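Biologist: I'm new to this one, so could you pick out the side-chain contacts and go through them slowly with me? I'd also like to hear where the main pocket fits in.

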Amino acid sequence: MDDTFIDTSDINPVLNEVMLAELAGVVRYTHYSLVITGPNRLPLVAFMQEQADESLVHARQAGEILTGLGGHPTQGIGAIEESHDHTIENILRESIAHERRALALYRELLSLSENRSVYLEEYARTQIGQEELHVIEMNKLLRDYTIG
């Protein structure tokens with residue numbers, strides 16, 4: 001990849017933030033899979049475990065691209081906000097907020113890579129599509145738990 005077409009000084013920090021956010025997702029969704037209770041526990045636990053696994057794959061992808069572009073991944077994870085309200089409704093709302101933060105990072109990456117790197121542009125578009133699908137799925141789940 002010809003570095004003259006992309007400014008890694010702008011892209012690498014975003015990739016690093018993506019990696020940190022996705023690693024936070026691993027912890028978040030693993031935590032949720034442990035604290036969910038109630039009659040729908042089993043399918044929701046499986047869903048949250050799948051989200052945790054996928055977040056780890058996404059973190060690795062971002063890290064591989066980051067290091068491929070000469071960046072250095074930060075050791076750590078992004079901030080994890082938690083209300084300690086483990087109702088399914090709240091867990092889903094917190095999850096949607098997390099997914100939207102990741103969406104914003106991928107959109108920023110797309111903005112920085114558009115017309116500069118086909119690979120980065122396609123990577124960002126693919127991730128945006130996956131994150132949007134997660135928000136759609138979680139909003140559908142949330143319908144059963146929303147009061148009113």
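Modeller: Let's settle one word before we start: a residue is called buried when its relative accessible area is under 20%, exposed when that area is over 50%, and partly exposed in between. Keep in mind too that this is a predicted model.

Now for the charged pairs. The structure has five salt bridges, and one of them joins the side chains of Arg28 and Glu94, with N and O 3.9 Å apart. Arg28 belongs to helix α1 and Glu94 to helix α3, so this pair ties together parts of the chain that are 66 residues apart in sequence. Both partners, Arg28 and Glu94, are buried.

Further along the chain, Glu114 makes a salt bridge with Arg125, and their closest N and O atoms are 3.2 Å apart. Because Glu114 sits in the loop between α3 and α4 while Arg125 is in helix α4, this bridge ties together parts that are 11 residues apart in sequence. Glu114 has a relative accessible area of 33%, so it's partly exposed. Arg125 comes out at 37%, so it's partly exposed as well.

Arg125 has another partner: its side chain also meets that of Glu121 in a salt bridge, at 3.2 Å from N to O. Glu121 and Arg125 are four residues apart in helix α4, so about one helical turn separates them. Glu121 is buried, because its relative accessible area of 13% falls under the 20% limit. Put the two bridges together and you get a network of salt bridges linking Glu114, Glu121 and Arg125.

So much for charges; what about rings? A pair of aromatic rings is described by how far apart the centres are and by the angle between the planes. There are two such pairs here. Tyr29 and Tyr32 make an edge-to-face pair, 6.3 Å from centre to centre with 65° between the planes. These two tyrosines sit three residues apart in helix α1, about one turn of the helix, and both Tyr29 and Tyr32 are buried.

Tyr106 and Tyr123 also form an edge-to-face pair, with 6.2 Å between centres and 75° between planes. This pair links distant parts of the chain: Tyr106 is in helix α3 and Tyr123 is in helix α4, which covers residues 118-142, and the two are 17 residues apart. Tyr106 is buried because its relative accessible area is just 1%, under the 20% limit. Tyr123, at 8%, counts as buried too.

That leaves the pocket. Rolling a probe the size of a water molecule over the atoms shows where empty space is left. The largest pocket has a volume of about 180 Å³. Helix α1, running 8-35, and helix α3, running 88-113, each supply at least two residues of its lining. Among the lining residues are Glu17, Leu20, Ala21 and Ala24, along with Gly78, Ala79 and Glu81, and also His98, Arg101, Ala102 and Leu105. Sorted by class, the lining of the largest pocket has six nonpolar, two polar and three charged residues.

If you want one thread to follow in the viewer, start at α1 and α3: both contribute to the lining of the largest pocket, and the Arg28–Glu94 salt bridge also ties α1 to α3.

Notes: Residues numbered from 1 in each chain as written. Predicted model: local features only at pLDDT ≥ 70, side-chain atom pairs only at ≥ 80, totals over all residues. Heavy atoms only, no water. 1 Å grid on protein atoms, 1.4 Å probe; cavity = no way out; pocket = protein on both sides within 12 Å on 5 of 7 lines; lining within 4 Å. Points joined across faces, edges and corners; volume = space filled by probe spheres on them. Nonpolar A, V, L, I, M, F, W, Y, C, P; charged D, E, K, R; others polar. Phe/Tyr/Trp six-rings, centres within 6.5 Å; stacked < 30°, edge-to-face > 60°. Buried < 20%, exposed > 50% of the residue type's maximum accessible area, 1.4 Å probe, protein only. Salt bridge = Lys/Arg side-chain N within 4 Å of Asp/Glu carboxyl O.
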